[in-house]
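Trainee: Please show me the structure. Then we can go through it together.

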Amino acid sequence: MQFTDAKLLPDASSCSLDSERTLYPYVTGTSVVAFKYRDGILMAADMGGSYGSTLRYKTVERIKPIGQHSLLGASGEISDFQEILRYLDELILYDNMWDDGNSLGPKEVHNYLTRVMYNRRNKFNPLWNSLVLGGVKNGQKYLGMVSMIGVNFEDNHVATGFGNHLARPILRDEWNENLSFEDGVKLLEKCMRVLLYRDRSAVNKLQIAKITEEGATIFPPYSLKTFWGFEAYKNPTIGAEGSW
Amino acid sequence: MEPNLNEPHSMGTTIIGVTYNGGVVLGADSRTSTGMYIANRASDKITQLTDNVYICRSGSAADSQIVSDYVRYFLHQHTVQLGQPATVKVAANLVRLISYNNKNMLQTGLIVGGWDKYEGGKIYGIPLGGTLIEQPFAIGGSGSSYLYGFFDQAWREGMTKDEAEQLVVKAVSLAIARDGASGGVVRTVIINSEGVTRNFYPGDTLPLWHEELPPQNSLLDILSAPSPEPMST
């Protein structure tokens with residue numbers, strides 16, 4: 001019968017399909033910066049969770065250890081990051097249940113994340129995050145990134161969000177393979193300070209994390225001093241009243 | 001302006017959850033609006049999930065009610081299976097599960113607060129999107145915009161029960177003064193090891209803020225009052 005066959009074809013704007021896509025993020029984290037150093041990987045992120053333009057949450061941990069060999073830092077939607085942590089928890093649990101003496105290294109975790117992010121992107125329902133995955137296994141240092149559309153790569157230094165524009169030029173100039181822990185921390189702090197000056201969604205409370213063959217350490221939160229004492233800042237419009 | 005009575009019921013709202021030395025205090029205003037019309041001026045936005053866990057609801061009234069109903073249902077089954085009261089953490093995680101997995105369809109910001117014997121008083125904020133975040137205090141709803149600065153200054157760790165409740169009442173009352181979408185009475189719920197206490201603060205018990213005048217019965221009372229003493233020079 002003709003009438004029973006005349007079903008309405010679902011189009012992209014009908015409720016069922018539209019509700020299956022993430023349209024925009026709500027609570028977001030800003031830049032993550034990371035690089036390889038002499039003993040492993042150093043990573044830093046501030047503890048801010050912004051809600052639009054409001055700096056709503058100031059104690060969000062955006063760097064977490066994964067298994068024994070990796071650190072994951074994330075920017076973007078925090079609820080999606082929390083979900084990714086749950087997926088990884090399950091992954092590590094199943095890996096441990098094999099009880100075969102092997103453990104997932106950073107390269108494997110990075111690959112898993114890439115597959116997850118890319119497949120969600122293909123379904124037009126991305127996890128709205130930029131992920132930084134760093135780790136050390138059997139003496140091999142590994143540092144990679146995955147974006148929300150599944151673009152992934154490895155490099156000696158990476159950054160997400162504003163960090164791409166503000167931190168990476170500094171790292172290109174000043175990074176080298178044999179940075180000590182102290183020099184590495186100073187370099188990270190230099191990057192994070194610039195981000196604090198110039199990124200509106202940055203919050204002055206950051207966490208630095210390191211991962212070496214021995215394991216992962218996430219240091220306690222702290223704040224950076226800032227400098228405002230330039231002569232030019234004290235009276236910027238003295239020669240031109242009304243300007244800024 | 002014709003009131004549009006077909007707009008969805010939205011609780012503009014101010015909701016607050018605060019931990020103190022021994023438990024939590026939850027607070028909320030009582031206004032539910034459909035567009036510009038106040039559909040309910042005495043709503044109860046602090047809803048029970050279990051004997052020891054309550055939830056403050058903001059945003060879409062329908063969405064927040066249905067999420068609370070589902071969580072109450074699941075928590076009840078969980079309590080039966082577990083054989084003891086559910087923890088605040090479990091309740092909060094259930095709320096997160098529903099909020100996160102239906103993020104495209106829901107528009108509700110929630111604050112879960114309660115007391116359990118393992119961790120004492122805890123507050124969890126679950127904003128739009130389904131992020132779960134444990135905090136010493138949480139604020140939400142449209143009225144919360146006016147309270148960020150207030151809490152930054154007034155919040156302290158380790159308050160007593162009375163200090164915490166007074167802080168909550170003061171904060172909701174300040175938000176009501178400035179947020180058109182919040183109003184009515186201030187309701188509080190205090191949860192600790194001893195149990196749950198509900199309190200009700202109508203407008204006339206709240207302090208007066210800037211440019212607010214003491215309420216009168218009528219102009220006639222003012223006119224018939226004795227004229228004030230002249231000032232001395």
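**Cysteines, sheet and core**

Trainee: Is A:Cys191 buried or exposed?

Mentor: Buried means under 20% relative accessible area, exposed means over 50%, and partly exposed lies in between (1.4 Å probe, protein chains only). A:Cys191 has 0% relative accessibility, so it counts as buried.

Trainee: What should I know about the model and its numbering?

Mentor: Residues are numbered from 1 along each chain as its sequence is written, while chains are lettered from A and ligands numbered from 1 in the order in which they are written. Local features need pLDDT of at least 70, side-chain atom pairs count only at pLDDT 80 or more, and totals for chains, interfaces and linings use all residues, side-chain values use heavy atoms, with hydrogens and water left out, and the model is predicted.

Trainee: How many disulfides does the structure hold over all chains?

Mentor: A disulfide is a pair of cysteine sulfur atoms within 2.5 Å. B:Cys56 also counts as buried, because its relative accessibility is 0%. Over all chains, the number of disulfides is 0.

Trainee: Which strands stand at the edges of the open sheet in chain B?

Mentor: Strands are DSSP runs (E, at least two residues), numbered from the N terminus. Two strands pair if DSSP finds at least two bridges between them. The 5 strands run in the order β11-β2-β3-β12-β13, with antiparallel pairing. Two of them have a single partner strand each, so one side of each is left without a neighbour in the sheet: β11 and β13.

Trainee: How many residues lie between β12(B) and β13(B)?

Mentor: β12 (residues 186-192) and β13 (residues 195-201) of chain B pair antiparallel over 7 bridges. Within this pair, B:Val189 stands opposite B:Arg198. The two strands form a hairpin, and the residues between them number 2.

Trainee: What is the bridge partner of B:Ile15 in β11(B)?

Mentor: β2(B) and β11(B) run antiparallel, joined by 4 bridges. In β11(B), the partner of B:Ile15 is B:Gly140.

Trainee: Which element gives the most to the largest nonpolar core?

Mentor: A nonpolar core is a set of buried Ala, Val, Leu, Ile, Met, Phe, Trp, Tyr and Cys residues joined through side-chain atoms within 4.5 Å. The largest has 21 residues, and B:Phe151 and B:Trp155 are among those that touch the most other members. β2, β11, α3, α4 and β12 of chain B each supply at least two residues. Helices are DSSP runs too (H or I, at least four residues), and the one that gives the most, with 7 residues, is α4(B).
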